[in-house]
Amino acid sequence: MKKILLAALFVGSFGFAAQSSAKSVKPTKAQRAQQELMQKACERGLSSINRASSEAIIGFLASDALEGREAGYNTSIIAGEYMVSQLIEAGLEPLDGSYRHRFSAYQAASTRRPGNRWEVNADSIAKLQQGPHRRMDMMNVFGVIPGEIQDEYVIVGAHRDHWGLDPWKVGDQIYNGADDNASGVSCALQIARAFKASGMKPRRTVIFAFWDGEEKGTLGSTYFTQTWPQIKQVKGYLNFDMEGGNTQPDNPPYFAYIYSQENPAFGEWIKNDVEKYNLGLDPSVRPTENLLGGSDQGNFVKLGIPFIWYHTDWTPYYHQVTDEPEHINWDKLVDITKASYLNAWNLANEENY
Ligand SMILES: [Zn+2]
């Protein structure tokens, strides 16, 4: 990681470096040894990321047996239980005593036709409970890798729910959601395994989140960001939503790399890592301000938390029953997993960004 660490230090702590004269900051022998150790650990994790794991994770979650993992249905819970078992096997710890964080959303039921917003906020729920209402029970799943600094957090998140099954549709009825968002789940889960494979304790505590209810209005991440007591100590959020699409047939390695513009280091990280590790990626690097919509990152943006979102844009299979594993660009997905693991490593270990 040495090269990356130095590059990130220069860019990420630009103000600090400028003040203390970057030229005079020469690492000591002990610091260099530590950097080499970290680089080796990081690359050990990197080499654990592989296509067979991506195929296995997406193959299960996007199988017809999972019936499209719709929030509020048992199939999303089964997908959640799969995440729990994978996190336990990888050696991650529960968050605040549990891998399973259950919550409910409420909706007005004044007509038979559903369509009103689902609410997870306690005040909104109290109001809805005074009239006819619906309740939907959901479950976020979390796994934790404790860091040296226990009370500074980085969150790596992907929603695992999708659009379920349409029992009245003629023909294929299952919205498999391979790209949206089994692909993102495969990234986050492999990053968790890679952190463990590195054998090194991160500087900050890293939380892996598998949100429920994103498709019905980012309900899982809304509930979490509104209720988790330590939310103010979150230093960065890495979001995954749709990572395997081929949206530019002439340029398969294309994807969008969207990040908070207050953190120019994030833009440098991806450029350096693609080059250094020879990744088959052509990122469209997009610093943005206030990106509230689109996916779970919006709830972190509201709180001013730095974020990065990997996204391969919208394919013709988006929200269709044809969003199946056969359309995934596996080479790109694996390299996105590697690049984003390096981001997560930096988010967890860099002092500033
Ligand atoms: Zn999605």
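Which residue in S4 is the bridge partner of Phe 142? In this predicted model, that partner is Ala 209. The pair is a handy way into the sheet, since S2 (residues 133-145) and S4 (residues 204-211) run antiparallel and are joined by five bridges.

**The sheet**

Let's zoom out a bit. The chain has eleven helices and eight strands, and eight strands line up in an open sheet with mixed pairing, in the order S1-S2-S4-S3-S5-S8-S6-S7. At the edges sit S1 (100-108) and S7 (282-288), each of which pairs on one side only. Ignoring direction, neighbouring strands of this sheet are turned by 20° against each other on average.

Here are three of the strand pairings side by side:

| Pair | Sense | Bridges |
|---|---|---|
| S2 and S4 | antiparallel | five bridges |
| S3 and S5 | parallel | six bridges |
| S5 and S8 | parallel | four bridges |

S5 turns up twice there, once with S3 and once with S8. Two residue pairs help to place S5: Ile 155 stands opposite Tyr 237 in S5, and Phe 240 has Tyr 310 in S8 across from it. How much of S5 is buried? Six of its seven residues are, so the rest of the structure largely encloses this strand.

**Helices on the sheet**

Two helices are worth following along the strands. H7 (residues 178-198) packs on the sheet and touches S2, S3 (149-159), S4 and S5 (234-240). The direction of H7 makes about 150° with that of S3. H9 (residues 264-276), for its part, lies across S6 (254-260), S7 and S8 (307-311), and runs at about 170° to S7.

Then there's H11 (residues 330-349). From first C-alpha to last, this 20-residue helix reaches 28 Å, close to the 28 Å expected at 1.5 Å a residue. H11 is also mostly covered, with 18 of its 20 residues buried.

**The core**

In soluble globular proteins, nonpolar side chains tend to be buried together. Here the largest nonpolar core has 86 residues, and the members that touch the most others are Ala 188, Ile 191, Val 206, Phe 208 and Ala 344. Which residues does Ala 344 touch, leaving aside those up to four places away in sequence? They are Val 154, Val 156, Ile 191, Val 206 and Leu 238. Two of these contacts, Ile 191 and Val 206, are themselves on the list of core members with the most partners.

**A loop residue**

For a change of scene, try His 319, which lies in the loop between S8 and H11. Is His 319 buried or partly exposed? With 14 other C-beta atoms within 10 Å, His 319 counts as partly exposed. The C-alpha atoms of His 319 and Ala 71 are separated by 15 Å, although the two positions lie 248 residues apart in terms of chain distance.

**The whole chain**

Finally, the overall picture. The C-alpha atoms fill a box of roughly 70 × 45 × 35 Å along the principal axes. A compact globule of 353 residues would have a radius of gyration near 20 Å, and the chain agrees with that at 20 Å. Buried residues make up 49% of the 353. Among contacts between residues at least 6 apart in sequence, 83% join residues at least 24 apart.

Terms used
Residues numbered from 1 in each chain as written. Predicted model: local features only at pLDDT ≥ 70, side-chain atom pairs only at ≥ 80, totals over all residues. Core = buried A, V, L, I, M, F, W, Y, C linked by C-beta atoms within 7 Å. Buried ≥ 20, exposed ≤ 12 C-beta atoms within 10 Å, placed from the backbone. Contact = placed C-beta atoms within 7 Å. Expected span 1.5 Å × (residues − 1). Rg over C-alpha atoms; globule rule 2.2 N^0.38 Å. Pairing = 2+ DSSP bridges. Axes fitted to C-alpha atoms, helices over the stretch in contact; angles between N-to-C directions.
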